[in-house]
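Here are a few exercises to work through with the model open in your viewer. Try each task before you read its solution.

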Amino acid sequence: MGLDRRSFFQMLGLTGLTLALGKDAKAAPSEEEAVSFKAVLYDSTRCVGCQSCEFACAETNGLPEPTDVPETGVVRQLDETRRTVINSYETSKGEVFVKQQCMHCNQPACAAACLTKAMFKNQEGPVTWRGNKCMGCRYCMVSCPFDIPKFEYHSANPKIVKCTMCVDRLAEGELPACVENCPAEALTFGTREELIKEARRRIHDDTDTYYDYIYGEHEAGGTSFLYLSPVSFNELGFNTKIQKSSYPELSKGFLYSVPSIFVLWPAMLLGLQQATKDNELKTENDD
Amino acid sequence: MINTDTMIYRDNDGKNIWQFLKQELKPKGKWLTPFNLISLPIMLLGLVLIVIRFWKGIGSITNLTQDVPWGLWIGFDVVTGVAFAGGAYVITFMVYILNMKKYHSIVRVTVLNGFLAYVFYAGALLLDLGRPWNVVNPIIGNSFGTSSVLFLVAWHFLLYMIAQLIEFSPAIAEWIGHKRAHKILSAMTIGAVIFGITLSTLHQSGLGALFLMAKDKIHPLWYNEFIPIMFFVSSIFAGLSMVIFEGSISNKVFSDQISEKNQKAHHSIVISLCKICAMAMFAYFFLQVLIFVHEQHWSYLTTSWGLWFLTEMFVFVLLPMLLFVYSYKTNSFFMAKVAAVITMLGIIINRLNVTVIGFKWDAAVPYYPSWMEIAVTLAVIFTEIWIFRWIINRMPVLRESPQWAKK
């Protein structure tokens, strides 16, 4: 089988196509937009564990009301009917409550993982799910370092369920339901920059109460939910070993290698093929 | 089996093509074989389970949890199945790029195997999709998640299936006896092969790269930044072991189709493949040692996970590697088969360790596949074998091409 003009052009076409597709493989979203992200500061020294946020969340999102209460030693999990939960921890400074929900990362692993852009980082900061795009592959769940997205396993039309930072309410100028309904002012809404400053101020003004760390400032490259705590975050069941750079960074190297392979491989393979074919012709002539 | 040469290899230039196809669709040979008696009930059961799955949701037949969203269907069917299909790109590389004529007699059956593996195991992916009606979104429309490794893998599956179909298509043209189509399709082979090898390099490694973001979830002994390279290197010997394994079965089951010359050549092909496997496995084992030293996970070795890791490395990589060396030193066909089977088990273990067993290894509720997930997996495999058998019995895959096609 020889390489005639036609197959040569076919090959050229194929190489062009591969180049075009190779370029598609861009890396993670850029960091520049991180400045104006909206965020929520959760101050666990103020939280009284009243579950008002859970009730408000359930009401806003049409989910069943919580029936259990935070209890030390029991970790209540997020699931497809609960987008936020309050848990209680016995620590060196007594009982501490911790709220859990989506962290709304600056560079979300779930959005980088999503092959249909169903998981989406809004310009204002919230990470939301768009059902008309999602194909239900659950790669977002595999990738999320905080294990936040949940899946409706028992539905023929399943959804990915997670906190949306009440993106619809934000659009109408309202606060997220949990922030608005917190009677203890444990939740504060604002821009990420403001809230980091506010968190620093609180730590600075009252070093006895606060543990000197803002969880979420750097975790996973920075998140829009920021946490203050009276004790080390280890004591509150947080993953403190989580990397400080963003998660999409981890697959960036691989994705960057794709265009190079797409250029180098076909050229090299074609060269090899031509080289070995020439050998064959010579021996045929010798015969 | 009757000699079907005269029936199939006529040049029917489209006249009685429908009649011909209708006749070909009918089953050939005996029906009540042990294989049929075992596989048919499982395939029917699988069909019932699939109906239930689409009716009541994925949770109705799988044990997947919120912590472990990918189970047997992804870890075995897709990730392991694709590794086993790696033989196609290795053999086409040897035959069409390096012009190694010796392996020409196995190239078609290997490509067919690879193609069917992609169709069925990537097809099994549809069962695992919660919202399969949106499956076209990454391909058509404006929802391209180009930062996703899965986007790359999805495109590559699709394009590679097309490339493999083109590589295999001359056999289809020979079957229906279309000379013109045969000429055109044959001319496209080299292009498809080059394209296919490039795609394979990227998506074999891409399947590993899928798990790069699951850094905190996979057991440290199996998570490292080199997963993509390791998946690629291991796909070489995974694919070739599959070629050896499948070849030794096909040579018995379809012996009536294979010419005496090719049957004899098969032995020497297998022995040569053993050398490639041994080399690739040596490189793989060496890389594993380097990675292990680099990551400094010595403390894990004394745990049960460490024991499991060492078992994988020594019993399922080093041992079959030595067996491959032994089989080509002693020219032992039997040992080659043993080595191939152990290697394949090792690949299954390795892929499951990364994707399922070592994934969320510290989860409160560990995941075990339900019997229904296993039944569906078996049904998928059996269906693939049925289609494989159907094609082998009709198209010139194992047997020689008709005279007109050889020019």
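**Exercise 1. Find out how many salt bridges the structure holds over all chains, then work out why the pair A:R138 and B:D128 joins two chains.**

Solution. This is a predicted model, and over all chains it holds 19 salt bridges. Now place the two partners: A:R138 sits in the loop between β5 (127-129) and α4 (139-143) of chain A, while B:D128 belongs to helix α6 (residues 104-128) of chain B, so the pair joins two chains. Next, check the distance: the closest N and O atoms of A:R138 and B:D128 are 2.8 Å apart, inside the 4 Å cut-off for a salt bridge. Between chain B and chain A the count is 3 salt bridges.

**Exercise 2. Describe the contact between chain B and chain A: how much area is buried, and which parts of chain B take part?**

Solution. Start with the area: the two chains bury about 6000 Å² between them, with 63% of it on carbon and sulfur atoms. On the chain B side, B:Q66, B:R131 and B:M213 lose the most area to chain A, together 15% of what that side buries.

Then count residues: chain B puts in 75 and chain A 68. For polar contacts across the interface, the tally is 36 residue pairs, both partners at pLDDT 80 or more. Helices of chain B that each supply at least two residues to the side touching chain A include α3 (34-56), α7 (149-176) and α9 (189-209). Of the contributors, α9(B) gives the most, with 14 residues. Sort that side of chain B by type and you get 43 nonpolar, 23 polar and 9 charged residues.

**Exercise 3. Check whether the length of helix α13 (residues 333-357) of chain B fits its residue count, then look for a bend.**

Solution. At 1.5 Å a residue, the 25 residues of α13 of chain B should span 36 Å, and the end C-alpha atoms are 33 Å apart, which agrees. As for the bend, α13(B) turns by about 25 degrees at B:R351. Finally, look at the start of α13(B): a side-chain oxygen of B:S332 comes within 3.0 Å of the backbone nitrogen of B:M335.

Note on methods
Residues numbered from 1 in each chain as written. Chains lettered and ligands numbered in written order. Predicted model: local features only at pLDDT ≥ 70, side-chain atom pairs only at ≥ 80, totals over all residues. Heavy atoms only, no water. Helix = DSSP H or I, 4+ residues; strand = E, 2+ residues; numbered from the N terminus. Expected span 1.5 Å × (residues − 1). Bend = angle between axes of the 7 residues up to and from the residue. Polar contact = N/O pair within 3.5 Å; in protein donor to acceptor, adjacent residues only side chain to side chain. Contact = heavy atoms within 4.5 Å. Buried area = accessible area lost by both parts, 1.4 Å probe. Salt bridge = Lys/Arg side-chain N within 4 Å of Asp/Glu carboxyl O. Nonpolar A, V, L, I, M, F, W, Y, C, P; charged D, E, K, R; others polar.
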